[in-house]
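Take a walk through this fold with the coordinates open. The route runs from the overall make-up to the core, then to single residues, a sheet and the ligand.

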Amino acid sequence: MSTQSVRAQEIAAENCRRLSAKIHDSQHTHGALPTRDARQTPGHVAEFAADVRASLTKPGQRELPSKYLYDELGSALFEAICVLPEYGLTRADARLLERHARDIVDRLPSPVQVAELGSGSGKKTRWILQALAQHQRTYYYPIEISASALAACEKEMGQIDLVSVVGYEQTYLDGLRAVASRRDEKDHLLVLFLGSSVGNFDRDAGDSFLHEVRKTLRPGDTLLLGTDLVKDVPTQLLAYDDPAGVTAAFNLNLLARINRELGGDFDLAQFRHEARWNAAERRIEMHLRSLCRQTVHIREANLHILLEPGETIWTESSHKYFAQDVSAMAARAGFRCVEQWIDQAWPFAQNLLVAE
Ligand SMILES: C[S@@+](CC[C@H](N)C(=O)[O-])C[C@H]1O[C@@H](n2cnc3c(N)ncnc32)[C@H](O)[C@@H]1O
């Protein structure tokens, strides 16, 4: 077995043990468990409950917002996904950043500060920060809703010489607006949106989102956008449905999180993870399929739902792109794509966009 597989299995096994422990605990406490992502202030609980209620009661297809996949355990499971042999996306993204960090940095205006949307642990960003720090003291602002991912990122990136890290535990646009409003007149901004996270938005929502990002920037500021490219369907499906079951645990943890934080009573054994390729929309969809007729009660959302056998809850989309489409997508949002680097082993594009 490759070192990668062994590492992924070790991380997955450890995280699955933690997942089972938390699920076990939450089934016995019927309430919120303290976690390090203690975003369980009344405001947070109310917002989470309102989002869960609105998306689970949507007419037609039931949904849950993908941003809630990332509590402490969800972020740990996502880290394990990144080292799965089947999930080539993160390695392709990292290879491009490692290979082209100098080219990227050479194309930026100076001096420049760096903001990253949904940094996760920020490991891949090291290449850019190290390249920049050879020219200037560099300020790095990771923006994250997951407190544990943000803490890991601040710890690791804070060790790079000449790099100062200030994390924002906020949503993408709130965080970016805060960073942009505090910078000096002379400072340019490089925004990183890596890992093809833009693909979690529907196409129109992705356009609107990039447009909002553009509105926070000044002409000449830059956005480095990672986009996963369309590839053969079995490869794409395996990336979101690995045989070790790590992605399944990541997906199911969303129900476990609702049990823990909102007093839900989802029985996880009665749901199955499913990854589907939607050819018309060119996206992978993750669903949770109900294995029987069942009722679920979520106390904090004041909600009872009846799920039919086979009915699904749609939890995440990952849209895939053609390399040649990125320039048009950038132009619609007010950016110009000035360079594109493509990984051949796992088709993935790193796109450097300049705000017009
Ligand atoms: C798919 S992961 C990608 C992490 C990292 N950028 C990478 O490329 O590996 C998405 C990250 O964005 C964060 N996130 C998701 N929705 C967010 C939002 N609306 N605002 C801020 N962070 C968000 C999640 O907590 C997670 O760490």
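Buried residues account for 46% of the 356 residues in the protein. The model is a predicted one. Its secondary structure consists of 11 helices and 13 strands. Look at contacts between residues at least 6 apart in sequence: 74% of them join residues at least 24 apart.

Next, the interior. The largest nonpolar core has 97 residues. Within this core, Leu77, Ile81, Val114, Ile128, Leu176 and Val191 touch the most other members. Helix H10 (residues 246-262) supplies the largest share, 10 residues. The core also draws on two domains, with at least three residues from each of domain 1 (3-87 + 234-272) and domain 2 (89-230 + 320-355).

Two of those core residues lead further in. Start with Leu176. Beyond its neighbours within four places in sequence, Leu176 is in contact with Ala115, Leu117, Ile143, Val191, Val213 and Thr216. Then take Ile128. Ile128 is one of the buried residues of helix H5 (residues 126-133), along with Trp127, Leu129, Ala131 and Leu132. What do the buried residues of H5 pack against? Their partners are three strands and two helices by name: strand S2 (112-117), strand S3 (138-143), strand S4 (163-165), helix H4 (89-106) and helix H6 (147-157).

Helix H4 is also the place of histidine 100. Is histidine 100 buried or exposed? Histidine 100 is buried, because 20 other C-beta atoms lie within 10 Å and the cut-off for burial is 20 or more. Setting aside neighbours within four places in sequence, histidine 100 is in contact with Trp341 and Gln350. The second of these contacts spans a long stretch of chain: histidine 100 and glutamine 350 are 250 residues apart in sequence. In space their C-alpha atoms are 9.5 Å apart.

Move on to the loop between S3 and H6, where glutamate 144 is found. Glutamate 144 counts as buried because it has 28 other C-beta atoms within 10 Å. Not counting residues up to four places away in sequence, glutamate 144 touches Gly118, Ser119, Ala149, Leu150, Cys153, Gly167 and Glu169. Glycine 120 lies 24 residues from glutamate 144 in sequence, with 6.9 Å from C-alpha to C-alpha.

Now a sheet. Four strands form an open sheet with mixed pairing, in the order S1-S11-S8-S7. Its edge strands are S1 (62-63) and S7 (271-278), and each pairs on one side only. S7 and strand S8 (residues 283-290) run antiparallel to each other, paired over eight bridges. One of the residues to inspect here is asparagine 278, whose bridge partner in S8 is arginine 283.

Finish at the ligand. Which residues come nearest? Of the 18 residues around the ligand, they are Tyr70, Gly118, Gly120, Ser146 and Gly195. Gly118 has appeared already, as a residue that glutamate 144 touches. The shell is made up of seven nonpolar, nine polar and two charged residues. Why does the ligand lie between the two domains? Domain 1 (3-87 + 234-272) and domain 2 (89-230 + 320-355) both give residues to the shell, so the ligand lies between them. These two domains also both contribute to the largest nonpolar core.

Technical notes: Residues are numbered from 1 along each chain as its sequence is written. This is a predicted model: local features need pLDDT of at least 70, side-chain atom pairs count only at pLDDT 80 or more; totals for chains, interfaces and linings use all residues. A residue is near a molecule or strand if its C-beta atom, placed from the backbone, lies within 6 Å of it. Ala, Val, Leu, Ile, Met, Phe, Trp, Tyr, Cys and Pro count as nonpolar, Asp, Glu, Lys and Arg as charged, and the others, Gly among them, as polar. Domain bounds come from an automatic or database domain assignment. A nonpolar core is a set of buried Ala, Val, Leu, Ile, Met, Phe, Trp, Tyr and Cys residues joined through C-beta atoms within 7 Å. A residue is buried if 20 or more other C-beta atoms lie within 10 Å of its own, exposed if 12 or fewer, and partly exposed in between; C-beta atoms are placed from the backbone. Two residues are in contact if their C-beta atoms, placed from the backbone, lie within 7 Å. Two strands pair if DSSP finds at least two bridges between them.
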